[in-house]
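Subject: Structure for your review

Dear colleague,

Please find the structure below, together with its sequence. My findings follow it.

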Amino acid sequence: TVRLVVHSGPPSDMLSYRIAELRNPTLVVPAGATLKTLFINTDDDMTHNLRFGAQHAVSTPSVGTSGLAHKTDAAFHAADVTLRVPSKPGTYYYFCTIPGHAQGGMWGTLHVR
C-alpha cells in the first residue's frame, strides 16, 4: 500500500499539486499496489479535483475525487481516493479536470514499475 497526501499549490502557483513539498513530482509505484491518497484543496478561491488516468486530458476516462470547493476561513475541503494501480507497468498521470487547470500545469506523472 502506498499512501500520499496531496494538496493544491500555494497562491503563487495555484495550478499545481504539492506532494511532500514538491511541485507535481513524478511518482513511482509498484505494479498492482493499492494507492491511498488524501487530497486537500488549500486554494483560497478555486475548485480543484485530483484524478488519475492514462492521459492528462479532461476527456480521458479517469478515477479520483469530484471537484472540491476552495478553503474558507473555517475549513479546508478534502477527499480520500483509494485505487488499485494497474498491474501492467507503464506511464499514467494525475491531473485536475476543471477546465483549463491541467493545461495550466496542474498535472503530474505516475510511473508504474
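Is Tyr-94 buried or exposed? With a relative accessibility of 1%, Tyr-94 counts as buried, because the cut-off for that class is under 20%. Please bear in mind that this is a predicted model.

Tyr-94 has a ring partner in Tyr-17, which is likewise buried, at 0% relative accessibility. By the rule applied, there are 4 aromatic pairs. In the pair of Tyr-17 and Tyr-94, the ring centres lie 5.6 Å apart and the planes meet at 55°, so this pair is classed as tilted. The two residues come from distant parts of the chain: Tyr-17 belongs to strand β2 and Tyr-94 to strand β9, 77 residues apart. Ring pairs also connect Tyr-17, Phe-39, Phe-52 and Tyr-94 as a cluster.

The largest nonpolar core holds 21 residues, and those touching the most other members are Val-6, Tyr-17, Leu-50, Phe-52, Val-85 and Tyr-94. At least two residues of this core come from each of β1, β2, β4, β5, β8, β9 and β10. Beyond its neighbours within four places in sequence, Phe-52 contacts several residues, including Leu-35, Val-63, Leu-83, Tyr-94 and Leu-110.

Regarding strand pairing, β9 (residues 90-95) and β10 are antiparallel and share 6 bridges; Tyr-92 stands opposite Leu-110 of β10. Strand β10 (residues 107-112) also runs parallel to β4 (residues 27-29), to which 3 bridges join it. There, Val-28 has His-111 as its bridge partner.

Yours sincerely

Conventions
Residues are numbered from 1 along each chain as its sequence is written. This is a predicted model: local features need pLDDT of at least 70, side-chain atom pairs count only at pLDDT 80 or more; totals for chains, interfaces and linings use all residues. Side-chain values use heavy atoms; hydrogens and water are left out. Two strands pair if DSSP finds at least two bridges between them. Helices (H or I, at least four residues) and strands (E, at least two) are DSSP runs, numbered from the N terminus. A nonpolar core is a set of buried Ala, Val, Leu, Ile, Met, Phe, Trp, Tyr and Cys residues joined through side-chain atoms within 4.5 Å. Buried means under 20% relative accessible area, exposed over 50%, partly exposed in between (1.4 Å probe, protein chains only). Contact means heavy atoms within 4.5 Å. Rings of Phe, Tyr and Trp (its six-membered ring) pair if their centres lie within 6.5 Å; planes under 30 degrees apart count as stacked, over 60 as edge-to-face and the rest as tilted.
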